[in-house]
Amino acid sequence: MGKVSDGGWEVCDDPDVRPREPCIIYSFGINNDFSFDDDAAAMYGCHVYSFDPSMTKAKDQYDRSPKVHFYKIGLDGRTYVNIKKWPLFTFQAIRKKLGHQNATIDVIKMDIESSEWAALPVMVDSGQLSGVKQLLVEYHVQLQTRNYVLPKLRLMQKLEVAGFKRFYVHKNPVCKLKVKGMPIERTKCYEVHYLKR
């Protein structure tokens, strides 16, 4: 769904996890590219809820189409307003705001520029991912030290213990990283697609 380059995401179309009407998709991190959201709404007929507090020229809330709904808020591990004056909410608070506390969320797409490391542990520990069928995350890895990487690996392990299995992993070449002593460019962004059966 979405652009083949940066901005596109794979949705598993297997019959047991395929989004079916009435379905709900949460799309965190838009950066003015609604290609995933528009394609997912058109393909599956889902209501897609799009979130991005960084889109300063956008209205606080509007319907892009009858099925795609935008909110200028972000996802984090706690509810607060950050130094950039962006309103950030926990996943649980967003579900409550939209009246989706008990709803199945068919797909969560998340590209939130390192806030995934604060948001996901709270989502897992609170049990808020129990009704989620697919989780598509771009992990942003800023450092390579043991103290930085180990908690990230533990989080990924927690997701798998919670029942999420990887079905697609992709390096994002947009996030180029040159490592001293390495002959090739690497990346610091990895898109990992999970499903739960």
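**Warm-up.** Is E160 buried, partly exposed or exposed?

*Solution.* The structure above is a predicted model, so all the steps below work from its computed atoms. The relative accessible area of E160 is 25%. Buried means under 20% and exposed means over 50%. E160 is therefore partly exposed.

**Exercise 1. Salt bridges.** Find the salt-bridge partner of E160, then study two further pairs that link distant parts of the chain.

*Solution.*

Step 1. Start where the warm-up ended: the side chain of E160 meets that of R166 in a salt bridge, at 2.6 Å from N to O. R166 counts as exposed, with 53% relative accessibility.

Step 2. Now look at R197 and D14, whose side chains meet in a salt bridge at 2.6 Å, N to O. R197 lies in the segment after β13 and D14 in the segment before β1, so this pair links distant parts of the chain, 183 residues apart. R197 is exposed at 61%, whereas D14 is partly exposed at 33%.

Step 3. Next, take R64 and D38, with a salt bridge of 2.8 Å, N to O. R64 sits in the loop between β3 and β4, while D38 belongs to helix α1; they are 26 residues apart. Both partners are partly exposed: R64 has a relative accessible area of 40%, and D38 has one of 26%.

Step 4. Finally, widen the view. There are ten salt bridges by the rule used here. Salt bridges with shared partners join D14, D16 and R197 into one network.

**Exercise 2. Strands side by side.** Trace the partners of strand β2 and decide how enclosed the strand is.

*Solution.*

Step 1. Locate β2 at residues 47-51. It runs parallel to β1 (residues 24-28), and five bridges join the two. One of the paired positions is F28, whose bridge partner in β2 is F51.

Step 2. Follow β2 to its pairing with β4 (residues 68-71). Four bridges join these strands, which also run parallel. Here F51 stands opposite Y71.

Step 3. Ask how the chain gets from β1 to β2. Together with helix α1 (residues 35-44), these strands make a right-handed β-α-β unit.

Step 4. Check burial. Four of the five residues of β2 are buried, so the strand is largely enclosed by the rest of the structure.

**Exercise 3. One face of a helix.** Which residues of helix α2 are buried, and why do they line one face?

*Solution.*

Step 1. Helix α2 covers residues 91-98, and its buried residues are F91, I94, R95 and L98.

Step 2. Look down the helix axis: these buried residues fall within an arc of 100°, so they line one face of α2.

Step 3. Just after the helix comes G99, with a positive phi of about 75°.

Step 4. Look for a residue that touches the buried ones. Y26 is in contact with F91, I94, R95 and L98, among others.

**Exercise 4. The nonpolar core.** Which residues touch the most other members of the largest nonpolar core?

*Solution.*

Step 1. The core has 31 residues, and those touching the most other members are Y26, F28, I108 and M110.

Step 2. Ask which elements contribute. Those giving two or more residues include β1, β2, α2 and β8. Helix α3 gives the most, with five residues.

Step 3. Notice that there is a second, separate core of 18 residues; A40, C46, V107 and L136 are among them.

Step 4. Link this to a general tendency: in soluble globular proteins, nonpolar side chains tend to be buried together.

**Exercise 5. Backbone surprises.** Find a cis peptide bond and two positive phi values outside glycine.

*Solution.*

Step 1. Recall the background: most residues other than glycine have a negative phi, and most peptide bonds are trans.

Step 2. The peptide bond joining E21 and P22 is cis, with omega about -5°. P22 is in the segment before β1.

Step 3. N32 has a positive phi near 65°. N32 lies in the loop between β1 and α1 and is exposed at 57%.

Step 4. K85 has a positive phi of about 70°. Its place is in the loop between β6 and β7, and K85 is exposed, at 67% relative accessible area.

Technical notes. Residues numbered from 1 in each chain as written. Predicted model: local features only at pLDDT ≥ 70, side-chain atom pairs only at ≥ 80, totals over all residues. Heavy atoms only, no water. Buried < 20%, exposed > 50% of the residue type's maximum accessible area, 1.4 Å probe, protein only. Arc of directions from axis to C-beta. Pairing = 2+ DSSP bridges. Right-handed = clockwise from strand over helix to strand, strands pointing away. Core = buried A, V, L, I, M, F, W, Y, C linked by side-chain atoms within 4.5 Å. Contact = heavy atoms within 4.5 Å. Salt bridge = Lys/Arg side-chain N within 4 Å of Asp/Glu carboxyl O. Lists of a residue's contacts leave out its neighbours within four places in sequence.
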